[in-house]
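Dear colleague,

I am passing on the structure we talked about, and below it I have set out what I found when going through it. Please read the notes with the coordinates open beside you.

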Amino acid sequence: MKVKVNELHAKVLAGVNKLGYKGEDAQIIANVLMYAQLRGNNQGITKIATGGVPRAEDVEELRLARENKCGALYSGGHTMVATSRAVEKAVELAGEYGVGVVGSNHTFTSSGSIGYFARKIAEAGYIGFVSVGNGDFAAVAPAGSSEPKLGTNPFAYAFPYNGGEVVFDTATAAIAYFGVMEALLTGKPLPEDVAVNSQGEATTDANEVISKGEGESVGGAIKTFAGYKGFGLSIFVQLMGSAFTLAGIPGANEEDGGGTFVLAIDPGLLAGKDEYMKRATQLVDSIHVAKPIPGETITLPGERGDEKARQAKEAGEIEIADAIWNELVTFVGKE
């Protein structure tokens with residue numbers, strides 16, 4: 001169904017408010033969810049009614065736990081809010097020292113579409129990298145296993161060029177957890193070869209992946225993308241978003257919650273920003289004019305989503321699956 005963009009934003013903010021977030025924190029969370037939804041990303045409004053952004057009363061208030069010359073560590077708060085603060089601090093440090101390395105831990109909620117945060121770094125004129133360790137949440141099996149041991153472990157990068165930003169954002173899982181949740185809500189099958197059931201057999205049924213049992217993240221497991229290649233990248237992301245930021249992992253240090261790693265680099269650090277921008281733009285331009293395969297269009301990471309968002313904003317409306325919209329409306333309308 002078609003939904004007005006302003007109505008969608010109002011419903012998203014109302015849903016975030018209903019979860020217990022107020023003021024600037026609520027607006028940050030709503031902005032991240034809208035960013036994803038307008039780009040056709042499954043990190044959007046599905047999260048509100050399905051428990052992706054709950055407010056836990058025992059989560060500590062966000063605070064700056066430590067800081068040194070070009071690094072800082074935050075603790076507590078909603079993951080999206082903590083990451084927003086980490087981005088601000090990383091950009092500040094990169095502006096002063098050329099590099100800003102910032103982490104967060106003790107967060108216990110969804111990270112959202114982290115391309116939003118990497119883009120913020122690039123929009124400020126810096127090269128950005130963001131990776132998330134999902135704390136004690138286990139949904140993804142190591143390559144060769146059917147037992148969940150990893151989070152979906154997303155990572156994103158963004159770099160500026162003359163004319164915009166290239167933004168790449170992906171889960172290291174073969175499908176994001178909320179992609180499975182969307183399939184569950186809409187009754188659609190999962191793509192082939194992205195998940196297994198509790199017996200380790202390939203499945204396209206989201207019901208066989210999402211756990212119905214208490215205390216378990218999933219009944220089956222999601223695979224890493226591209227087999228051992230995605231598995232290797234997932235380990236890297238989890239280490240940067242957990243061990244490096246002093247956050248937890250499934251089965252160890254779980255009380256330390258989830259963690260996010262944010263890196264901002266001054267693109268002029270090695271050879272001057274003007275020369276970097278010239279060369280980055282040359283790369284972008286060369287890719288745009290690459291000879292396409294018949295029926296294909298050459299787009300850089302982030303451009304398809306940006307075009308979807310542009311079209312939705314110009315039209316003032318967006319297509320939302322009935323089941324997902326009804327779930328949001330019902331949740332917001334609950335007393």
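Strand β10, which runs through residues 258-265, is mostly covered, with 7 of its 8 residues buried. Please keep in mind throughout that this is a predicted model. Which strands pair with β10? Strand β4, residues 99-107, pairs with β10 in the antiparallel sense over 7 bridges, and strand β5, residues 127-133, is likewise joined to β10 by 7 bridges and runs antiparallel to it. If you would like landmarks for checking the register, V99 stands opposite I265 of β10, while F129 has L263 of β10 as its bridge partner. In a regular strand, side chains alternate between the two faces of the sheet.

One residue of β4 deserves a separate look, namely H106, which lies in that strand and has a positive phi of about 55° although it is not a glycine. A second residue of this kind is L246, with a positive phi of about 60°, again without being a glycine. L246 is found in the loop between α7 (228-243) and β10, and because its relative accessible area is 44%, it counts as partly exposed.

Another pair of strands forms a hairpin: β6 (residues 154-161) and β7 (residues 164-171) run antiparallel and are joined by 8 bridges. Within that pairing, P160 has E165 in β7 as its bridge partner. The hairpin has 2 residues between its strands, and G163 takes a positive phi near 125° there.

Turning to the helices, I would start with α8, residues 273-288, whose 16 residues reach 22 Å from the first C-alpha to the last, close to the 22 Å expected at 1.5 Å a residue. Where do the buried residues of α8 lie around its axis? The buried residues are Y276, M277, A280, T281 and V284, and because they cover an arc of only 125° around the axis, they sit on the same side of α8. On the other side of this helix, D274 and R279 are exposed.

Helix α10, residues 322-333, can be read in a similar manner: its 12 residues should span 16 Å at 1.5 Å a residue, and the end C-alpha atoms are indeed 16 Å apart, so the two values agree. Its buried residues are I324, W325, L328, F331 and V332. Seen down the axis of α10, these buried residues fall within an arc of 130°, and therefore they line one face of the helix.

The second largest pocket is the next feature to look at, and it holds about 490 Å³ of space. Its lining is made up of 26 residues, and those nearest its centre are Q37, G40, E182, A321 and I324; I324 is also one of the buried residues of α10. Which elements each supply at least two residues of this lining? They are α2 (23-38), α6 (177-186), α9 (303-315) and β11 (317-319). Sorted by class, the lining has 12 nonpolar, 7 polar and 7 charged residues.

Finally, a few individual residues may help you to place the parts of the chain relative to one another. L38 lies in helix α2 and is buried, because its relative accessible area is 8%, where under 20% counts as buried. Although L38 and A312 are 274 residues apart in sequence, their C-alpha atoms are 6.8 Å apart in space. K308, which lies in helix α9, counts as partly exposed because its relative accessibility is 47%. The C-alpha atoms of K308 and F137 are separated by 31 Å, with the two positions 171 residues apart along the chain when counted as a difference in numbering.

The last residue on my list is R85, which is found in helix α4, residues 79-97. Is this arginine buried or exposed? R85 is buried, because its relative accessible area is 18% and the cut-off for burial is under 20%. From R85 to D306, which is 221 residues away along the chain, the C-alpha separation is 24 Å.

With best wishes

Notes: Residues are numbered from 1 along each chain as its sequence is written. This is a predicted model: local features need pLDDT of at least 70, side-chain atom pairs count only at pLDDT 80 or more; totals for chains, interfaces and linings use all residues. Side-chain values use heavy atoms; hydrogens and water are left out. Buried means under 20% relative accessible area, exposed over 50%, partly exposed in between (1.4 Å probe, protein chains only). Helices (H or I, at least four residues) and strands (E, at least two) are DSSP runs, numbered from the N terminus. Two strands pair if DSSP finds at least two bridges between them. On a 1 Å grid over the protein atoms alone, a cavity is a set of points where a 1.4 Å probe fits but cannot get out, and a pocket is an open set with protein on both sides within 12 Å along at least five of seven lines; lining residues have an atom within 4 Å of a point. Grid points are joined across faces, edges and corners, and a volume is the space filled by probe spheres set on the points. Ala, Val, Leu, Ile, Met, Phe, Trp, Tyr, Cys and Pro count as nonpolar, Asp, Glu, Lys and Arg as charged, and the others, Gly among them, as polar. The expected span of a helix is 1.5 Å times one less than its number of residues. The arc is that of the directions from the helix axis to the C-beta atoms.
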